[in-house]
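Got the viewer open? Load the model, switch on side chains, and follow along stop by stop.

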Amino acid sequence: MSILKNGNNHIVDIAAQYGFGGRETFSRAFKETYGLSPSAYRHTPIGLNYFDKPNLLLSYVMVDEDVPLITEGIVLEYSRKTLDSPIHFLGVEDLWRFKPGKMLGERPGVSEPAAIWDKFYNVIDDIQCIPYGRRVGVSYHGGAPEGYSTYFVGAEVEADIANSPDNRFARWVLPSRAYIVCQYEAENFSGLIASLGKMMKFTRYWLKEHGLRADGFFPEVYYNNLPKADHAYMEMWIPFKERENNK
């Protein structure tokens, strides 16, 4: 809600703009949804989770591999690829509260991964990353305590850089193996991120319909080789297993 980040906008005026009877009603509803007051959010460098709007097309349409689906300004396509050599990343990691069975767009509240991305951009200049290399955001267990997951954000580096002793940065490797690569494209980056939860939910459905299931993690891979591109593009590299008895 960028309108709240602008300090020139009075909260009482924002409340009226969005149909609330007053500041108190708006503040109560905001806190019940996101876990903090509008004033606290205004002064906190974090983002909020997006909510997904229903999409009937994604509820009834199933696409084959290597066949693009276009809906609501988003293009998605699924392909099988084998990664012959691992991809190395250096960056930052932190814990975030994880609710099993809830994908992005189904979890109201503060976007903890967004705060971890902010931490990454604060140190990116100190990482010897590959020029115009890939960036990754990935959630995995990684020894996290119950109720939490580990979230890593990093930039692609050469293997020797990744293996050099530097305790300032966390390391993560996209291992060599077979993947289902889900390719997403949108008109702009904000549209891509706003639809990410919906696409992840559809991807879970797509895997099930094809007799597959994700095997451990859902890395989001962003390409940094088109700094002036007029569209936004990312891939999700999903390691997979065959479902037993197709269940």
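Let's begin with the rings: a search of the whole structure turns up 12 aromatic pairs. Here a pair means rings of Phe, Tyr and Trp (its six-membered ring) with centres within 6.5 Å; planes under 30 degrees apart count as stacked, over 60 as edge-to-face and the rest as tilted. Before you click, note that this is a predicted model, where local features need pLDDT of at least 70 and side-chain atom pairs count only at pLDDT 80 or more, while totals for chains, interfaces and linings use all residues. Residues are numbered from 1 along each chain as its sequence is written, and side-chain values use heavy atoms, with hydrogens and water left out.

**Stop one: strand 12 and its rings**

Select Tyr 179 and Trp 237: this aromatic pair is edge-to-face, 5.4 Å centre to centre with 70° between the planes. The pair links distant parts of the chain, with Tyr 179 in strand 9 (residues 177–186) and Trp 237 in strand 12 (residues 232–242), 58 residues apart. Helices (H or I, at least four residues) and strands (E, at least two) are DSSP runs, numbered from the N terminus. Both Tyr 179 and Trp 237 are buried; that label means under 20% relative accessible area, with exposed over 50% and partly exposed in between (1.4 Å probe, protein chains only).

Stay on strand 12 and add Tyr 233, which forms a tilted aromatic pair with Tyr 223: 5.8 Å centre to centre, 50° between the planes. Tyr 223 sits in strand 11 (residues 220–223), and Tyr 233 in strand 12 is 10 residues apart from Tyr 223. Tyr 223 counts as partly exposed at 28% relative accessibility, and Tyr 233 does too, at 26%.

**Stop two: helix 9**

Now pick residues 196–209, the 14 residues of helix 9. At 1.5 Å a residue they should span 20 Å, and the end C-alpha atoms are indeed 20 Å apart; the expected span is 1.5 Å times one less than the number of residues. Buried residues here include Leu 196, Met 199, Phe 202, Thr 203 and Trp 206. Show Tyr 78, Phe 202, Tyr 205 and Trp 206 together, and you have one aromatic cluster. After helix 9 comes Gly 211, with a positive phi near 70°.

**Stop three: the charged pairs**

How many salt bridges does a search of the whole structure find? Six, each a side-chain nitrogen of Lys or Arg within 4 Å of a carboxyl oxygen of Asp or Glu.

Try Glu 65 and Arg 80, whose closest N and O atoms are 2.7 Å apart. Glu 65 is in the loop between helix 5 (56–60) and strand 2 (69–71), and Arg 80 is in strand 3 (residues 74–83), 15 residues apart. Glu 65 is partly exposed at 26% relative accessibility, as is Arg 80 at 41%.

Next, select Glu 156 and Arg 134, a salt bridge with its closest N and O atoms 3.0 Å apart. Glu 156 lies in strand 7 (residues 148–157) and Arg 134 in strand 6 (residues 134–140), so the bridge ties together parts 22 residues apart in sequence. Glu 156 is buried, at 11% relative accessible area, whereas Arg 134 is partly exposed at 21%.

Finally, go back to strand 12 for Lys 241, which meets Asp 215 in a salt bridge (3.6 Å, N to O). Asp 215 is in the loop between strand 10 (212–214) and strand 11, 26 residues apart from Lys 241. Add Arg 177 to the selection: salt bridges that share partners join Arg 177, Asp 215 and Lys 241 into one network.
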